Amino acid sequence: MAVPITLEFSGGAELLFANQKKHSIELPGSQKWDVKSLLPWIRDNLLQERPELFMQGDTVRPGILVLVNDADWELMGELEYEIQPNDKIVFISTLHGG
Amino acid sequence: MVLPYRTEVFRFYAILTGKLQCVKCRRDVPVVVTRVNDAFCQDCFLVYAVHKFRSAIGKSKVIVPKEHVLVAYSGGPASSALLHFLQEGKKEGKLRFTVTVVHIDELALVSVSDKERQEKVQEVVEIVQQRGFPLLLTSLECAMDMVKPEAGESSQAPEMCKEVTSEKEVDALANPDKGDKLKKLLDSLPSISAKEEFIRVLRNQVLLGVARERGFTKVVVGDTATALSVRIMTDMAKGKGSQVSFDTTIGDKRYGDVMVVRPIRDLNMKEVEAYNRLQNVESISIPHIADQWHKSNSIEQLTAHFIHGLQENFPSTVPNIVRTSDKLGHQDIESLPEKCSLCESPLDTDVGEASALRAVEVCERLLQKDGASRSQSQAAQSSDCTQHDRVAADNMKASLCYGCRLTVKGLRDVSLLPTHVVQKSQSRCLSRDEMRAQISEFLLDDENGDTPNS
């Protein structure tokens, strides 16, 4: 069963996604999705350029803040968090200071 | 009380990872993890962040009540948070000083159309007006020519900035001539690291120029702890170790007439972003020439990449670096009257014979006298560099601090530098020549024909 979720990118991260801040998507397939499997899916399906600015190894690049339903992902289990339908996942790049 | 499903999932994972309650109130569900491993709920986090801001200003007493300060706003997340802190303080009646905001338009360096440039500036104007502060607009290229023209005594120095009084009247203080001058200069600087350092120093000069023109004695900037830790390491790598303590302290007094204040230096970038998120603070993403610079060819990018990476797994990295640099001091400003013509920091080149600087200079001279490079330098001498150029370059070098010497190293034509820099280096050397002429009969010549202090 497809899992519908909302993704948001800000802080400069949206520039890697054709300047689109909000994305409503459906994760295909019937398997369980967690953040660890979500990231490569984003990289392969939504990312327009420069994957090294979004991901490093199997996690996000250091400096990118991830919020799951408006809470720090560190409180939700980071990569192990299981994605639920209608979750909102936000990626904020903190690399552009100022 | 039945909590909604998501909060249940929250609690489950929070229990799992041991972060059940907010460390402050021990009651509400935490939403953000900061410091080393402290989980805060929304209310407690906001109290924490605001407290950091207010106590930084309060304890250091860098701003006195009723003072009118200039606040630098770039549109980025840190300065957006800074403006929000100030606005909230004003709303609560706790802001004891008045604020004028200045925005530096750096779009001359990026190839955007005039229309796009206008739109970006318009966004800035709207946000600052929402915050309820008056706005001054200026551009990076303004600092290329801040010198009074010689014409007559009543002539004015070129205007540094414009007030924005109404939304309609916005037009970026774009100056194509100066913009071209700046681009030409940047193209002549050999390395990306030199370009980024030059832009940083020029930005500072613009802030100082606007402050001086309008009579401000304090400029407030949004340097976060993360930015400062990158700054410290980068300064050391670029030969500006003597300026580390100035670049990171909360009240930077090196310029004498204007003090630079850094009230959010105790908050790291993640805390600033979390604050912005919780308070719905918008930041503007403005294209910048630094976006194209990759970590493989820029000292600052490499350092930032390193520190961000380390901070991710060792969250005490940033506080440690900043705390260590706090312990660095500097000499009394009064005992260092000579300032670098480019960055206005006290000159650090008047050191004894047994110093690292002298050792480096000796090595450079030896390399020049060496056979292989002699033919190169001879070729350079005969073709591009005239005697005049070399004298100008030597004069310029003597008027710069060590770090700025490195920045402009390899710049063939020093007259491309901003006019105030060229002027300062010339006047410094003129007065030395005058002095030398006065005492010339008493000077001893070396056997080699070198005169002292040449």
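Okay, so let's start with a hole: the largest cavity in this structure has a volume of about 60 Å³. Bear in mind throughout that this is a predicted model.

Who lines that cavity? From chain A we get A:Leu67, A:Asp70 and A:Asp72, and from chain B there's B:Val31, B:Val32, B:Ala274, B:Arg277 and B:Leu278. The biggest giver is helix H9 of chain B, residues 269–278, which puts in three residues. In terms of character, the lining splits into five nonpolar and three charged residues, with no polar ones.

How many cavities of 30 Å³ or more do we have? Two. The second largest one holds about 50 Å³ of space. Its lining comes from chain B: B:Arg200, B:Val201, B:Asn204, B:Lys240, B:Gln243, B:Asp247, B:Arg254, B:Tyr255, B:Cys343 and B:Ser345. Here helix H6 of chain B, residues 192–214, gives the most, again with three residues. For the mix, count three nonpolar, three polar and four charged. So much for empty space.

Now, the rings. Over all chains, the count is 10 aromatic pairs. Take A:Phe17 and A:Phe54: the ring centres sit 5.5 Å apart with the planes at 85°, and since anything over 60 degrees goes down as edge-to-face, that's what this pair is.

Where are those two in the chain? A:Phe17 is in the loop between strand S1 (3–10) and strand S2 (22–27) of chain A, while A:Phe54 is in the loop between helix H1 (35–45) and strand S3 (55–56) of chain A, so the contact ties together parts that are 37 residues apart in sequence.

Buried or exposed, then? For A:Phe17, the relative accessibility is 1%, so it counts as buried. A:Phe54 is buried too, with a relative accessible area of 0%.

For a chain B example, look at B:Phe45 and B:Tyr48. That pair is tilted, at 6.0 Å centre to centre with 40° between the planes. Both residues lie in helix H2 of chain B, residues 42–60, and they're three residues apart, about one turn of the helix. B:Phe45 and B:Tyr48 are both buried as well.

One last item, back in chain A. Which residues do ring pairs link into a cluster? They're A:Phe9, A:Phe17, A:Phe54 and A:Phe91, so if you're clicking along, our edge-to-face pair of A:Phe17 and A:Phe54 belongs to that cluster.

Okay, that's my bit. Over to you.

Definitions and conventions. Residues are numbered from 1 along each chain as its sequence is written. Chains are lettered from A and ligands numbered from 1 in the order in which they are written. This is a predicted model: local features need pLDDT of at least 70, side-chain atom pairs count only at pLDDT 80 or more; totals for chains, interfaces and linings use all residues. Side-chain values use heavy atoms; hydrogens and water are left out. Rings of Phe, Tyr and Trp (its six-membered ring) pair if their centres lie within 6.5 Å; planes under 30 degrees apart count as stacked, over 60 as edge-to-face and the rest as tilted. Helices (H or I, at least four residues) and strands (E, at least two) are DSSP runs, numbered from the N terminus. Buried means under 20% relative accessible area, exposed over 50%, partly exposed in between (1.4 Å probe, protein chains only). On a 1 Å grid over the protein atoms alone, a cavity is a set of points where a 1.4 Å probe fits but cannot get out, and a pocket is an open set with protein on both sides within 12 Å along at least five of seven lines; lining residues have an atom within 4 Å of a point. Grid points are joined across faces, edges and corners, and a volume is the space filled by probe spheres set on the points. Ala, Val, Leu, Ile, Met, Phe, Trp, Tyr, Cys and Pro count as nonpolar, Asp, Glu, Lys and Arg as charged, and the others, Gly among them, as polar.
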